Amino acid sequence: MRKRKLIKNTMLYVFMTILAFLFLFPLIWMLVSSLKNEFQIFEDIGSIRAFLPPAAPEGGYFANYIAAFQRVDLFRYMLNSLVYTIGILFCGLVVNSMAGYALARFHFPLRHFWLAVIIATLIIPPESIFLPLYVLVYNLGWVNTYTGLIVPFVANAFSIFLFRQFFLDFPKEIEEAAKIDGCSQIGIFFKIIVPLSKPIFATVAIFTFINHWNDFLWPLVVATEDRMRTIQIGLQYFMNQPPIQWGQVMAALTVTTIPMLLIFIFLQRYYIQGLTHTGSKN
């Protein structure tokens, strides 16, 4: 039985490793292509060499990265995206976690009705509300500002639902003990609940960062000036400038992928745990 189990686990790990490499192939090709010149990219595209590092091209391995940053202001675009995404992330963690905690712990009239309304908003396509949302942002004078980019997307129904599901499992005895010691409800949340809820905060942070780092339509509508462009708008602008240099395009895409990889690497230890807890209760 032990030998059979060992063989089964070995086959499973081999299969998962092969599957992981298949999913990583596009990223590997993008990274390797960013180190090649135009001729090497198209010469190697039909063979295994497309996934292998090249011989040192003219100008060095990082010539495409240097040229990409010189061609357009990618640094500014990435900074705008970081401010936009991190602003939504941190404000959203505070607002959505408090809303989820209230729905999980507080008893108020029509609590389940409001939860159903919040969940129902998930079926509304975001594009359908962009026009009235833009009119509101325009009337507030928030066009071409970080406020106009960030504020409309702080509250998120899916994040509220995830927090609510996680907090349903949180032991009530800990909160009752804190109340006996004289801790206020706000103090209980920020001093006890938040430090013990790292898995769900990490899970929501990953979802939020990836979703808004890749945003295109809303920044395109609100950030009309070059100084406010986010990285996705900047990439589109970059690719529309002739002549198209695919090595530089791959370099720019590689740079924009790094923040998403970093946030997942640093938070992955909490990610699965957070998703597991959110589905354990109704």
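Select Phe113 first: in this predicted model, Phe113 is partly exposed, with a relative accessible area of 45%. Add its neighbour in the sequence, Trp114, which is also partly exposed, at a relative accessible area of 44%. Show both side chains and turn the view until the two rings are clear, since Phe113 and Trp114 make an edge-to-face aromatic pair, with 5.1 Å from centre to centre and 70° between the planes. The pair counts as edge-to-face because the angle between the planes is over 60 degrees.

Now select Phe209 and Trp213 for a contrasting arrangement. Their ring centres are 5.6 Å apart and their planes meet at 10°, so this pair is stacked. Colour helix H11, residues 198-213, and you will find both residues in it, four residues apart, which is about one turn of the helix. Are Phe209 and Trp213 buried or exposed? Both Phe209 and Trp213 are buried.

These two pairs belong to a longer list, for a search of the whole structure finds 17 aromatic pairs. To see how such pairs can join up, select Tyr101, Phe106, Phe163, Phe166, Phe167, Phe189, Phe190 and Phe201 together, because ring pairs link these residues into a cluster.

The next stop shows rings with a charge over them. Select Arg71 with Phe238, where the charged end of the arginine sits over the ring, 5.2 Å from the ring centre. Then move to Arg229 and Tyr237, where the charged end of Arg229 is placed over the tyrosine ring at 4.3 Å from its centre.

From there, go to Asp73, which you will find in the loop between helix H3 (63-71) and helix H4 (74-105). Asp73 is partly exposed, with a relative accessible area of 40%. Keep Asp73 selected, add Asp169, and draw a line between their C-alpha atoms: the two residues are 96 residues apart along the chain, and the line spans 47 Å.

Finish with the stretches that an unreviewed UniProt entry annotates as "transmembrane region", namely residues 12-32, 82-104, 113-137, 149-167, 188-210 and 246-267. Select residues 188-210, where the chain is 83% helix and 0% strand, and where the end C-alpha atoms lie 30 Å apart. Then select residues 246-267, which are 100% helix and 0% strand, with 32 Å between the end C-alpha atoms.

Note on methods. Residues numbered from 1 in each chain as written. Predicted model: local features only at pLDDT ≥ 70, side-chain atom pairs only at ≥ 80, totals over all residues. Heavy atoms only, no water. UniProt positions renumbered as here; feature names shortened; annotations may be inferred. Helix = DSSP H or I, 4+ residues; strand = E, 2+ residues; numbered from the N terminus. Phe/Tyr/Trp six-rings, centres within 6.5 Å; stacked < 30°, edge-to-face > 60°. Buried < 20%, exposed > 50% of the residue type's maximum accessible area, 1.4 Å probe, protein only. Lys NZ or Arg CZ within 6 Å of the ring centre and 35° of its normal.
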